[in-house]
Amino acid sequence: MKTFKKFGKTFGLAAILSATAFAGAEAHVTFLDKQAKQDSTILATLQLPHGCDGKATTEVRVKLPEGFVFAKPQPKAGWELEVIKGDYQKTYDNHGDKVKSGAIEIRWKNGNLSDDFYDTFVIQGKVSGVEAGTSLAFPVTQMCGDTVAAWDQVAKEGDDAHGLKSPAPLLKVVAGEGHGHDHDDMAGMDMTGMVGVGAAATAGETVKAGDLEISGGFAKAMLPGQPVGGGFFTVKNNGQTDDRLVSVSSPASGEVQIHEMETKDNVMRMRQLKDGIAIAAGETVKLEPGNLHLMFQKVKTPFKQGDTVPVTLTFEKAGKVDLVLQVLSAQGK
């Protein structure tokens, strides 16, 4: 059930009454679309309408239910991201691969969402092996500094869920169409692309700038409505002087960030590299799924397989370089 507590402290009567008033007066954490088709890959969009008793939200944790698999979260500017991995109860098929483990909890951390504002938190995943009519519960823990609100109540079968004070967000699974398109990768992220706006090179072509050689550029197809995409390429420094990729821009998105993903002890962390990426003399650096990558924010039109995405890379010494990324399938093929 939803509780308010302070780490290392106990609430007095006034605080308990305040929390109770909050629970009754404010809206719950819910999904934007409360239904999902069987065996479909979806963008599960959580709506967070308020803070904790007036305090700003600093962390959001979402536990993923069995049957919602291959999950990958959408990064948010200003927030750190963690993905907790573990074993599934069953084995799931992912394009011919038998998958027994994956993301079981998503955490957006160290943010600052004022109680005055509303925001959404998005997780891409596949609803797999779930019967139509089943409701999948996603318990959410909302942290506001040292205050915590847990949205985790689930009604027993036959009970009225409307009577719950702190219900967990639910996705109701409805009958699918037998099979569907499976665009599941975020990858770096899953990613209709924009065709070569003034681009200097053909998609996938190797581009040279001074001592640098940039090759293998691609992006991944995105789900409809997905505002975040990923891009990848390889940079080889043939010179004797270090360089650095300091920024990236593209007419296909409102902003392009440079990100790094790292997995340690079954926890995947993603962070923005505000200082860019060092390209040491004589070294090759690969931007690839699950590691270094570009993060396209506020994508104007979701990237579609077969299209191209123009980008401008800015290096400390080599300067500006135009590159065209070929949009491949969601699996990078």
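**Exercise 1. Find the residue in β13 that is the bridge partner of Ala137, and describe the sheet around this contact.**

Solution. In strand β13, Leu170 is the bridge partner of Ala137. The model is a predicted one, in which local features need pLDDT of at least 70 and side-chain atom pairs count only at pLDDT 80 or more, while totals for chains, interfaces and linings use all residues. Residues are numbered from 1 along each chain as its sequence is written, and side-chain values use heavy atoms, with hydrogens and water left out.

The next step is to place the contact in its strands, where strands (E, at least two residues) and helices (H or I, at least four) are DSSP runs numbered from the N terminus. Strand β13 covers residues 170-174 and pairs with β10 in the antiparallel sense over three bridges; two strands pair if DSSP finds at least two bridges between them. Strands of a sheet pair through backbone hydrogen bonds, either parallel or antiparallel.

The last step is to widen the view to the open sheet of three strands, whose order is β3-β13-β10 and whose pairing is mixed. Its edge strands, each of which pairs on one side only, are β3 (35-37) and β10.

**Exercise 2. Work out which aromatic residues form one cluster with Phe138, and which parts of the chain they connect.**

Solution. Begin with the count, which is seven aromatic pairs in the structure. Rings of Phe, Tyr and Trp (its six-membered ring) pair if their centres lie within 6.5 Å, and planes under 30 degrees apart count as stacked, over 60 as edge-to-face and the rest as tilted.

Phe31 and Phe138 form an edge-to-face pair, at 5.0 Å centre to centre and with 80° between the planes. Because Phe31 belongs to strand β2 (residues 30-31) and Phe138 to the loop between β10 (135-137) and β11 (140-144), this pair ties together parts that are 107 residues apart in sequence.

Phe68 and Phe138 also form an edge-to-face pair, with 5.1 Å between centres and 75° between planes. This pair again links distant parts of the chain, since Phe68 lies in strand β6 (residues 68-73), 70 residues apart from Phe138. Phe31, Phe68 and Phe138 therefore belong to one aromatic cluster.

Finally, consider accessibility, for which buried means under 20% relative accessible area, exposed over 50% and partly exposed in between (1.4 Å probe, protein chains only). Phe31 is buried at 2% relative accessibility, Phe138 is buried at 0%, and Phe68 is buried at 1%.

**Exercise 3. Describe how strand β6 is covered and paired, and identify its residue with a positive phi.**

Solution. Five of the six residues of β6 are buried, so that the strand is mostly covered. Strand β6 runs antiparallel to strand β9 (residues 119-127), to which four bridges join it, and Lys72 stands opposite Gln124 in β9.

Phe70 is found in β6 and has a phi near 55°, a positive value in a residue other than glycine. At 9% relative accessibility, Phe70 counts as buried.

For contrast, turn to His95, which has a positive phi of about 55° although it is not a glycine. His95 lies in the loop between β7 and β8 (97-109), and at 43% relative accessibility it counts as partly exposed.

**Exercise 4. Trace the pairing of strand β19 with its partners β7 and β18.**

Solution. Take β7 as the starting point: this strand (residues 80-94) pairs with β19 (residues 267-272) in the antiparallel sense over four bridges, and Leu81 stands opposite Met270 in β19.

Then turn to β18 (residues 253-264), which six bridges join to β19 in an antiparallel arrangement, with Glu262 standing opposite Arg269. In the hairpin of β18 and β19, two residues lie between the strands, and Asp265 takes a positive phi near 55°.

**Exercise 5. Name the residues that touch the most other members of the largest nonpolar core, and say which strand gives the most to this core.**

Solution. A nonpolar core is a set of buried Ala, Val, Leu, Ile, Met, Phe, Trp, Tyr and Cys residues joined through side-chain atoms within 4.5 Å. In the largest one, of 37 residues, Val62, Leu64, Phe68 and Trp108 touch the most other members. Strand β4 (residues 41-48) gives the most to this core, with four residues. Another core, of 32 residues, lies apart from it and includes Val248, Ile279, Val299 and Val311.
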